[in-house]
Amino acid sequence: MTEKIFKTATYGTNQLKLITGKGPLMSKTVDVMAKVDVDTGEVKFFIDPKDLQR
């Protein structure tokens, strides 16, 4: 398994994002999603696989 550490960013009520690089004007980001087990309350954060290609 390959792992990589990213910084996160959120502003006000905007959703959590990962900063994946720098663009010409703004940082490149992808949305962070959460999967919740409603029986145990366990939360797993993930990125949509299509966003990993960016």
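Guide: Before we begin, a definition: two strands pair if DSSP finds at least two bridges between them. The model shown above is predicted.

Visitor: Understood. How many bridges are there between β2 and β3, then, and in which sense do they pair?

Guide: There are five bridges between β2 and β3, and the pairing is antiparallel. One example is Gly-21, whose bridge partner in β3 is Lys-28.

Visitor: And how many residues lie between β2 and β3 in the hairpin?

Guide: Four residues separate the two strands of that hairpin.

Visitor: What about β1 and β2: how many bridges join them?

Guide: Strand β1, residues 7-9, is joined to β2 by three bridges, and these strands also run antiparallel. β2 therefore pairs with both β1 and β3, since each pairing meets the requirement of at least two bridges.

Visitor: Which residue stands opposite Lys-17?

Guide: Ala-9 does. Lys-17 itself belongs to strand β2, which covers residues 17-22.

Visitor: Let me turn to charges. How many salt bridges does the structure hold?

Guide: It holds one. Lys-17 is bonded in this way to Asp-31, with the closest N and O atoms 2.4 Å apart. The pair links distant parts of the chain, with Lys-17 in β2 and Asp-31 in β3 (residues 27-31), 14 residues apart.

Visitor: Why does that contact count as a salt bridge?

Guide: The cut-off is 4 Å between a side-chain nitrogen of Lys or Arg and a carboxyl oxygen of Asp or Glu. The Lys-17 and Asp-31 atoms are 2.4 Å apart, so the pair qualifies. As a general matter, side chains of opposite charge can pair when their charged atoms come close.

Visitor: How accessible is Lys-17? And Asp-31?

Guide: Lys-17 has a relative accessibility of 27% and is partly exposed. Asp-31 is likewise partly exposed, with a relative accessible area of 27%.

Visitor: Staying with β2, where is Thr-20 in relation to Ile-5?

Guide: Thr-20 lies in β2. Its C-alpha is 9.6 Å from that of Ile-5, and the two are 15 residues apart in sequence. Thr-20 is partly exposed because its relative accessible area is 35%, which falls between the 20% and 50% limits.

Visitor: On to the aromatics. How many aromatic pairs does a search of the whole structure find?

Guide: It finds zero. There is, however, a charge over a ring: Lys-35 lies over the face of Phe-46, at 5.6 Å from the ring centre.

Visitor: In which strand is Phe-46 found?

Guide: Phe-46 is in β5, and at 35% relative accessibility it is partly exposed. The C-alpha atoms of Phe-46 and Leu-16 are 11 Å apart, with their positions 30 residues apart along the chain.

Visitor: What of Phe-45: buried or exposed?

Guide: Phe-45, in strand β5 (residues 43-46), is exposed, because its relative accessible area of 59% is over the 50% limit.

Visitor: Which residues form the nonpolar patch on the surface?

Guide: Phe-45 belongs to that patch, together with Leu-16, Val-36, Val-38 and Val-43. Their accessible area together is about 490 Å².

Visitor: Lastly, where does Asp-48 lie?

Guide: Asp-48 lies in the segment after β5. It is partly exposed, with a relative accessible area of 28%. Asp-48 and Ile-5 are 43 residues apart in sequence, and their C-alpha atoms are 16 Å apart in space.

Terms used. Residues are numbered from 1 along each chain as its sequence is written. This is a predicted model: local features need pLDDT of at least 70, side-chain atom pairs count only at pLDDT 80 or more; totals for chains, interfaces and linings use all residues. Side-chain values use heavy atoms; hydrogens and water are left out. Patches are made of residues with over 30% relative accessible area and no salt bridge: like charges are joined within 9 Å, nonpolar side chains (Val, Leu, Ile, Met, Phe, Trp, Tyr) within 5 Å. Accessible areas come from the Shrake-Rupley method with a 1.4 Å probe; for residues, only the protein chains shown count as cover. Buried means under 20% relative accessible area, exposed over 50%, partly exposed in between (1.4 Å probe, protein chains only). Rings of Phe, Tyr and Trp (its six-membered ring) pair if their centres lie within 6.5 Å; planes under 30 degrees apart count as stacked, over 60 as edge-to-face and the rest as tilted. A charge sits over a ring if NZ of Lys or CZ of Arg is within 6 Å of the ring centre and within 35 degrees of the ring normal.
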